[in-house]
Amino acid sequence: MSINKEKYQQLIAELNGKATLVAVSKTKPVEDIQALYDLGQRDFGENYVQELVDKQEQLPKDIRWHFIGHLQSNKVKYIAPFVHLIHGVDSEKLLTEIKKQAVKNNSTIHCLLQMYIATEETKFGFNDEELKTLLDKISIDPLQTVMIDGLMGMASFSDDKNKVRAEFTHLKKIFIETRDRSIIHVRSNILSIGMSGDYKIALEEGSNMVRIGSLLFGERNYNA
Ligand SMILES: *Cc1c(COP(=O)(O)O)cnc(C)c1O
């Protein structure tokens with residue numbers, strides 16, 4: 001077994017109920033997820049649709065599955081029946097498809113809008129202007145079967161703590177502005193920021209949901 005039990009207990013104490021821990025289990029075997037589950041963990045995050053579907057079938061049904069990767073519209077249908085929260089909603093097209101699948105499943109699907117806050121070119125997400133345009137649209141045409149629970153972001157992959165902090169501070173500001181608009185089906189309660197390398201800064205900047213993988217499960221080996 002390769003989970004870090006001590007680190008898990010330390011993290012739970014550190015979060016102290018102020019932030020939800022999403023244990024990011026991508027590329028890790030079901031045995032490791034089960035081991036963390038046995039310690040009481042219920043929120044798990046995955047990045048790949050097929051991997052998530054396979055794991056969901058094998059693991060306890062009270063796990064809350066978070067989809068945190070880049071989601072293609074044509075794959076929403078596979079996770080719609082059980083997903084707890086989709087963190088990476090980064091286009092209106094995807095939102096429209098989620099709405100459709102929620103109707104099919106006769107349910108409400110909870111989402112976070114992914115905001116582009118890093119300086120790297122490769123990250124997905126809305127910029128501030130695009131978010132504003134989207135919210136304007138939603139305020140006229142409510143989402144009905146989709147609930148926007150908040151925002152998600154990834155800071156630049158950088159050793160410069162001030163840069164990372166500034167990106168999180170900016171997102172917190174947008175988060176509050178979004179909440180204050182009081183749009184139906186847009187709640188903005190959840191601010192999903194912070195990973196293994198930057199979660200402490202994220203917590204200081206107002207995160208209430210951290211997504212942590214390697215600290216709990218060890219480094220990922222994509223060639224395995
Ligand atoms: C992989 C991943 C994480 C976890 O990263 P760690 O550095 O291993 O904690 C968090 N969020 C997203 C979106 C990820 O893809």
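L203 is partly exposed, with a relative accessible area of 25%. The model is a predicted one, and this residue is a convenient way in. L203 sits in helix α8, which covers residues 199–204. Beyond its neighbours up to four places away in sequence, L203 touches L15, A19 and V210. S192 lies eleven residues from L203 in sequence, and their C-alpha atoms are 10.0 Å apart.

Follow that pair to S192. S192 belongs to strand β7, residues 186–192. Is S192 buried or exposed? The relative accessible area of S192 is 0%, so S192 is buried, given that buried means under 20%. Its contacts, leaving out residues up to four places away in sequence, are H87, L112, L151, M152, G153, M209 and R211.

M209 leads on to the next strand. Strand β8 runs over residues 209–212, and I212 is part of it. I212 is also buried, at 0% relative accessibility. Which residues does I212 contact, leaving aside neighbours within four places in sequence? They are L11, L21, V22, A23, V24, M195, S196 and Y199. The partner L21 is 191 residues away from I212 along the chain, yet their C-alpha atoms are separated by 7.2 Å.

Now step back to the whole chain. Nine helices and eight strands make up its secondary structure. The radius of gyration is 17 Å, close to the 17 Å that the globule rule gives for 224 residues, so the chain is as compact as a globular protein of that length. Along the principal axes, the C-alpha trace spans about 50 × 45 × 35 Å. Of the 224 residues, 50% are buried. Contacts between residues 24 or more positions apart account for 61% of those with a separation of 6 or more.

The surface comes next. The chain exposes about 11000 Å², and carbon and sulfur atoms supply 50% of that area. There are 29 positive and 31 negative charges. The mean positions of these two sets are 3 Å apart.

Inside, the nonpolar residues form cores. In soluble globular proteins, nonpolar side chains tend to be buried together. Here the largest nonpolar core has 62 residues. Which residues have the most contacts inside this core? They are F44, I79, I86, I98 and L216. Another core lies apart from the largest one and has six residues, among them V22, L85, I190 and M209. Two of these names have appeared already: V22 as a contact of I212, and M209 as a contact of S192.

I79 repays a closer look. Not counting residues up to four places away in sequence, I79 touches V49, L52, V53, F67, L71 and I86. I86 is itself among the residues with the most contacts inside the largest core.

V49, L52 and V53 are contacts of I79, and helix α3 spans residues 49–58. Q56 lies in that helix too. Is Q56 buried or exposed? Q56 has a relative accessible area of 15%, and the cut-off for buried is under 20%, so Q56 is buried. Outside its neighbours up to four places away in sequence, Q56 touches K61, W65 and F82. From Q56 to V30 the distance is 9.3 Å, C-alpha to C-alpha, and the two are 26 residues apart in sequence.

G218 comes in the segment after α9, the helix of residues 214–217. G218 counts as partly exposed, at 26% relative accessibility. Setting aside residues up to four places away in sequence, G218 touches K28 and G213. N127 is 91 residues from G218 in sequence, and their C-alpha atoms are 32 Å apart in space.

Two loops close the tour. One connects α5 (92–104) and β5 (109–115), and N106 lies in it. N106 has a positive phi of about 55°, although N106 is not a glycine. N106 is exposed: its relative accessible area is 74%, and exposed means over 50%. The other loop is between α6 (128–140) and β6 (146–153), and Q144 is found there. Q144 is not a glycine, but its phi is positive, at about 60°.

Methods:
Residues are numbered from 1 along each chain as its sequence is written. This is a predicted model: local features need pLDDT of at least 70, side-chain atom pairs count only at pLDDT 80 or more; totals for chains, interfaces and linings use all residues. Side-chain values use heavy atoms; hydrogens and water are left out. Helices (H or I, at least four residues) and strands (E, at least two) are DSSP runs, numbered from the N terminus. The radius of gyration is taken over C-alpha atoms; the globule rule is 2.2 Å times the number of residues to the power 0.38. Buried means under 20% relative accessible area, exposed over 50%, partly exposed in between (1.4 Å probe, protein chains only). Contact means heavy atoms within 4.5 Å. Accessible areas come from the Shrake-Rupley method with a 1.4 Å probe; for residues, only the protein chains shown count as cover. Lys and Arg count as positive and Asp and Glu as negative; His and the chain ends are not counted. The place of a charge is taken as NZ of Lys, CZ of Arg, CG of Asp or CD of Glu. A nonpolar core is a set of buried Ala, Val, Leu, Ile, Met, Phe, Trp, Tyr and Cys residues joined through side-chain atoms within 4.5 Å.
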